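Colleague: Could we go through the enclosed space and the ligand site of this model together?

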Amino acid sequence: MSIKETPWDAAAFGIPTFEISALSEENLGFASRTSGHYTIKVDPLADKKMLDAYGFYYCDTLIEPWCSLGRFRFYDCADCRVSKETGLEALLGICHGAFSHGRFHRDFNLSPELADRRYDNWLASLYREGNVLGLYHDETLAGFVAYSGSRLVLHAIDETYRGRGYGKYLWSAACRVIFDRGAPEITSSISASNLAVLNLYASLGFGFRNAVDVYHLWVK
Ligand SMILES: CC(C)(COP(=O)(O)OP(=O)(O)OC[C@H]1O[C@@H](n2cnc3c(N)ncnc32)[C@H](O)[C@@H]1OP(=O)(O)O)[C@@H](O)C(=O)NCCC(=O)NCCS
């Protein structure tokens, strides 16, 4: 069976949580008989009948933005910079409530407050690993980018700065740090429904690949 526990989600939601890595009768059958919250990511063109038969429901489509140094379009801004010296509380102030496009917020079975907690916990853990860049406009903390290797895993711009065109300048500064560490390519994972972040990546020269449909099941 290809089912593994996701303890970070269990800690946020207070229920057993699992990720299923292969679409099979054995895996889905086990999940449907065993209490917990399940995630499965499938090829968008896969046959979904089996998922439907076991009660799985659609939550999101994820896509992978990717960009090599050669195709990245840098937008320079004298007033924008990044720093690793930002306090966690200030970063959490931007993170909390920012991820309403995420699959946990879109899962009608889960409380949005606990979904917020999931992202807050994740940011805190990335912060402890030293993998969070604060994004500054002048002296103001305007956002953050958290990364794992060359993958941007969690990122947001403060509500007061959103939609004002700062994204490409702040992302350019953050991506420069990652490329300067020798990464040949930067990747991320975003919801196809999150048009602001999709347009942001497109404006920086990113391409998109590896779409997956995400299905959930909660067995009480
Ligand atoms: C995603 C996010 C970082 C983008 O930053 P932003 O400051 O809002 O984006 P910008 O104003 O720089 O705009 C970026 C592009 O998206 C477009 N855009 C902005 N808001 C949009 C919206 N609601 N719908 C569609 N396009 C939008 C802009 O026109 C711009 O495109 P352009 O360069 O072709 O003109 C920001 O909205 C955010 O923090 N959102 C909440 C957290 C989040 O969703 N993080 C990503 C999770 S994967």
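Colleague: How many cavities of 30 Å³ or more does the count come to?

Modeller: This is a predicted model, in which local features need pLDDT of at least 70, side-chain atom pairs count only at pLDDT 80 or more, and totals for chains, interfaces and linings use all residues. Residues are numbered from 1 along each chain as its sequence is written, and side-chain values use heavy atoms, with hydrogens and water left out. A cavity is a set of points, on a 1 Å grid over the protein atoms alone, where a 1.4 Å probe fits but cannot get out; by this rule the count comes to one.

Colleague: Which element gives the most to the lining of the largest cavity?

Modeller: The lining residues, which have an atom within 4 Å of a point, are T6, D9, F13, T17, F18, E19, H37, T39 and F104. Two or more of them come from each of α1 (7-13), β2 (17-20) and β3 (36-42), where helices (H or I, at least four residues) and strands (E, at least two) are DSSP runs numbered from the N terminus. With three residues, the element that gives the most is β2.

Colleague: Which oxygen or nitrogen atom of the ligand lies 2.8 Å from a backbone N or O atom of H155?

Modeller: Among the closest of the 21 residues that surround the ligand are H155, I157 and G163, a residue being near if one of its heavy atoms lies within 4 Å. A polar backbone atom of I157 is 2.7 Å from a ligand oxygen, a polar contact being a pair of N or O atoms within 3.5 Å. For H155, the ligand atom at 2.8 Å is a nitrogen.

Terms used:
On a 1 Å grid over the protein atoms alone, a cavity is a set of points where a 1.4 Å probe fits but cannot get out, and a pocket is an open set with protein on both sides within 12 Å along at least five of seven lines; lining residues have an atom within 4 Å of a point. Grid points are joined across faces, edges and corners, and a volume is the space filled by probe spheres set on the points. A polar contact is a pair of N or O atoms within 3.5 Å; within protein, one must be able to donate a hydrogen and the other to accept it, and residues adjacent in sequence count only if both atoms are side-chain atoms.
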